[in-house]
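Dear colleague,

I am handing over the structure below, together with some notes on what turned up when I went through it. Please have it open beside you as you read on.

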Amino acid sequence: MTLYPGDQNFGFYPGCQKDMPCETQLAKPNDLFKKYADLITAGDYAGGAAYDLLVKWVDGEVTIYPDTDQNTKLPTSLDQHLPNEITVAPADSVWKYAHGIATGKYGRKGRTTWG
């Protein structure tokens, strides 16, 4: 799982400098995301300093990893859970039937919503 920083102009940051990397690896290649992460999107769901990562897992569980940035390290195995991880829907929820997730500012002012 790799984070590519934005350029503040709706694109990706093209340059590489000491304090501004071109990319940041949040998790090394692993079976957790390869086999079990079904849908992934980002938005400001929990409020805070950075966008959050929302993952819909193949079993229907939906998880938010708040304030995902270059310092975030994501889980790499099924038994690993981050202290700030938020479970929005449990395994075997209706979300196991979702084929896509769209995020945007659809409702509440200033917050990203999903559905």
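A polar contact, as the term is used here, is a pair of N or O atoms within 3.5 Å, where within protein one atom must be able to donate a hydrogen and the other to accept it. Please keep in mind throughout that this is a predicted model.

By that definition, the side chains of Glu85 and His81 are joined by a polar contact of 2.8 Å. Glu85 sits in the loop between β5 (62–65) and β6 (86–89), and, although Glu85 is buried, it has no salt bridge, the nearest side chain of opposite charge being that of Lys73, 16 Å away. If neighbours within four places in sequence are left aside, the residues in contact with Glu85 are Thr63, Ile64, Tyr65 and Gln80.

His81 also appears in a second setting, the second largest pocket, which has a volume of about 180 Å³. This pocket is lined by 14 residues, of which Leu32, Trp57, Glu61, Leu78 and His81 are the closest to its centre, while α1 (31–36) and β5 are the elements that give two or more residues to the lining.

As for the overall arrangement, the protein chain has one helix and eight strands, which follow the pattern β-β-α-β-β-β-β-β-β when read along the sequence. Of its 115 residues, 34% count as buried, and, among the contacts with a separation of 6 or more, 40% are accounted for by residues 24 or more positions apart.

With best wishes

Notes: Residues numbered from 1 in each chain as written. Predicted model: local features only at pLDDT ≥ 70, side-chain atom pairs only at ≥ 80, totals over all residues. Heavy atoms only, no water. Helix = DSSP H or I, 4+ residues; strand = E, 2+ residues; numbered from the N terminus. Buried < 20%, exposed > 50% of the residue type's maximum accessible area, 1.4 Å probe, protein only. Lys, Arg positive; Asp, Glu negative; His and termini not counted. Salt bridge = Lys/Arg side-chain N within 4 Å of Asp/Glu carboxyl O. Contact = heavy atoms within 4.5 Å. 1 Å grid on protein atoms, 1.4 Å probe; cavity = no way out; pocket = protein on both sides within 12 Å on 5 of 7 lines; lining within 4 Å. Points joined across faces, edges and corners; volume = space filled by probe spheres on them.
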